[in-house]
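Work through the three exercises below with the sequence and the model at hand. Each solution goes step by step.

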Amino acid sequence: MPDAGTLSPKQPQTDPLVSSNDEQVEVHGPGKIAWKRFRRHRPGMIGLGILIILYAMAIFADFVAPYPYSDEERELNWAPPSSVRFSDANGSSFRPFIHPFRINIDENFNTVLEPDPSQRCYIRFLVEGEPYKLLGLIPMHTRLIGVDTVPSQQGGTRYFSRLYLMGADGGGRDIFSRICYGARVSMTIGLLGALLVLVIGLTIGGTSGYFGGWIDDVLQRLCEMVMLLPGFYLLLLLRFAFPASMDSVQVYFAVILILSLVGWAGFARVIRGMVLSIRKEDYVQAARAVGLSNGRIIARHILPNTMGYVVVATTLRIPGYILGESALSLLGLGIMEPTPSWGNMLNRAMDILELNQHPWVLWPGVFIFAAIMAFNLVGDGLRDAVDPRGLTK
Amino acid sequence: MPDPLLAIKDLNVAFDTERGQIRPVRDVSIDIYPGQIVALVGESGCGKSVTALSILRLIPQPPGKILSGSVSMEGRNLLELPEKEMRSVRGKDIAMIFQEPMTSLNPVYTIGDQITETVKLHQRVRNTEAVRIAEDALKDVGIADPRRRLNEYPHQMSGGMRQRVMIAMALSCQPKLLIADEPTTALDVTIQAQILELLRKLQREKGMSILLITHDLGVVAENADVVAVMYASRVVEFAGVEDLFDRPQHPYTEGLFRAVPKLGDLRSRLEQIPGTVPNPARFPGGCKFHPRCHRSRMLAQEARGEDAVEITSAGEKFRVLNRCVKEEPELREVEPAHWARCHQLPQYDRAPVTIPKLEHRREVNSQAVEEGDIEKIIKQEIHA
């Protein structure tokens, strides 16, 4: 009679699997591997460097900026960038200096700002300035850069010793200082907007993909409705859903909300697609077999497996939100004066005549460009780093 | 006779597909007694895995649904439990290990994370205690240096190791029943033997029951107490392991045994069961096995004209018995403690229709095999 199995070979006494492995193998989690690969991605590291500088600028704006953002000197409206010098007609100096501004009246009785080459205002580091609270906690009055002052009244002429690294705006406020403070709005609004999109997108995409059926149908139609509207019109539409007059903090959060309500749909759809394929994985089945609840399976076993994409997509989406904020502020629908954001600072650059006369109002645009560039470089670097098909060096 | 640990009774499962409803499990009744290893055997697509998944209510619903039947464990019908209570059964009372150890562990977590997650889910223990339990579980399945392994990721382990980890995870909460769905199919032969030996050892130590799903008759012969053979969604034969191997009753079971390659057999071709597994959407009428049945063909040659009909299967024309085509046989107790689903057994018409129940334990002492009485067994084989 058939007997298929009683003839089994004797089990070896030593189990090759269980041989103890003495040398310590360094354990690399997925995150650590990605970071190792990202470090080799030069453009990505440059982008990361720029981002660190910009965020440091935002966090320590009080320290980095020579003046508070609303510090006006109305007579110095549209003052050009101070030219930082090491030498003038009176000889040279190791310490950089600027010439103080002097107000003259020209033959047409217009006020004219001009530097007075006979006097020097030395640029000093770590100087005493307006008091502030670092990180909102530590009271300080040391600022990174400042200039010496000269007497403001000298024989009927008024002198102003102010440092305008990037010129002044129409209120005589230092554009560089305002860019530093504006970074707080512009650099965080994109980040928070992207994080909110992350939360909404993961929740909706995860639910939709995992449960399928009618839940999926309803959520996907909702996504499509949002995606049908052109982004910018939706942005404006949502802005008008909020009251027109709100204080800066309210506007700030409203803008974040608006940006994420515009952006979540596309993201949620991709997450849904990924969840659809991940939920068929054996380890999801195994997770169900040990008795985990659906919510926990989605949160702990499915979504973490989308993290590679999520990190990259979020990084690459932040620039869009920064631009969205800038666009709203540029139109006067976002952050309101006097609170600076890079977008509302560019508001004045919309007028071609003003732009012609004071090209330095474009400086915030340079920062927007740098920030977006940096986020894209980092995003590309991350994409290469988390790509499992990438070269493992 | 003690109460069974788990009693599956008249289970019927259906899947709605675009081409109509298919029924992967039909009238399946299996009892599993405490400490018993029950093997569920059959070829791919016969409904073994769906039966197992239905016990834990893990079949995707929709499209799947359980039409009727009951799965009772300790007085509770698992099919009627609220989802929340069912979750506390999964992993705690009934654990399951899967075919593919390579993909059954989540790649983004360490082994330790995954075992302690299960432990903390079902036992009220602190983190440190959960880690200790996980470590013990790894030690139980023979993994050296378990403390260090806890911090490793699945990709750092081989297939055999991962299957050990899966077993450790399944056993970490001391389940009463372990469902092993082809636990060794994806592993090479030596690792297969190790894993099965491990399962037997743990089963003896912890006194749990195992529902072993496999298509490997060697695995069945070495491990099972009781065997249920499935074909085309139905149990076609049910018996104690020695009984089944000595006196297979159903022509499908016979065919399976003939298809096992034997040492020293010099014939050039391995025997096979003619035809292919029927598509579950288009099962044949009557006995589901009749298009492939050698018994029916043989008997048809001797039968009178009206008792046999000509059919075409796999492009081949031949005659089978009329009754096999017209009437579906029932699962009957054709011999004491031996059930089969075939009209053409001489005892069939007199045999009673009873619900298969066997509290049988294998006679072959697997301990003896393990401890190396291999020579003795080989001698016995030669004498026989």
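**Exercise 1.** Determine whether B:Ile210 is buried or exposed in this predicted model, and list its contacts beyond its neighbours within four places in sequence.

Solution.
Step 1. Count the C-beta atoms around B:Ile210: 24 others lie within 10 Å.
Step 2. The cut-off for a buried residue is 20 or more, so B:Ile210 is buried.
Step 3. Place the residue in its element: B:Ile210 belongs to strand β8 of chain B, residues 209-214.
Step 4. With the neighbours within four places set aside, B:Ile210 is in contact with B:Ile37, B:Leu178, B:Ala180, B:Leu199 and B:Gln203.
Step 5. For B:Ala95, the separation from B:Ile210 is 115 residues in sequence, and the C-alpha to C-alpha distance is 9.6 Å.

**Exercise 2.** Describe how helices α4 and α7 of chain A pack.

Solution.
Step 1. Identify the helices: α4(A) spans residues 175-211 and α7(A) spans residues 248-278.
Step 2. Their axes are 6 Å apart and make an angle of about 40°.
Step 3. The crossing of α4(A) and α7(A) is right-handed.
Step 4. Sort the residues of this contact by type: 19 are nonpolar, eight polar and two charged.

**Exercise 3.** Find which strands stand at the edges of the four-stranded open sheet in chain A, and why one side of each is left without a neighbour.

Solution.
Step 1. Write the strand order, β4-β3-β8-β7, with antiparallel pairing.
Step 2. The edges are β4 (111-115) and β7 (153-154) of chain A; each has a single partner strand, so one side of each has no neighbour in the sheet.
Step 3. Take the β7(A) edge: β7(A) pairs with β8(A), residues 157-160, in the antiparallel sense over two bridges.
Step 4. A:Gln154 has A:Thr157 in β8(A) as its bridge partner.

How values were computed: Residues numbered from 1 in each chain as written. Chains lettered and ligands numbered in written order. Predicted model: local features only at pLDDT ≥ 70, side-chain atom pairs only at ≥ 80, totals over all residues. Buried ≥ 20, exposed ≤ 12 C-beta atoms within 10 Å, placed from the backbone. Contact = placed C-beta atoms within 7 Å. Axes fitted to C-alpha atoms, helices over the stretch in contact; angles between N-to-C directions. Left-handed = near helix turned anticlockwise from the far one by under 90°. Nonpolar A, V, L, I, M, F, W, Y, C, P; charged D, E, K, R; others polar. Pairing = 2+ DSSP bridges.
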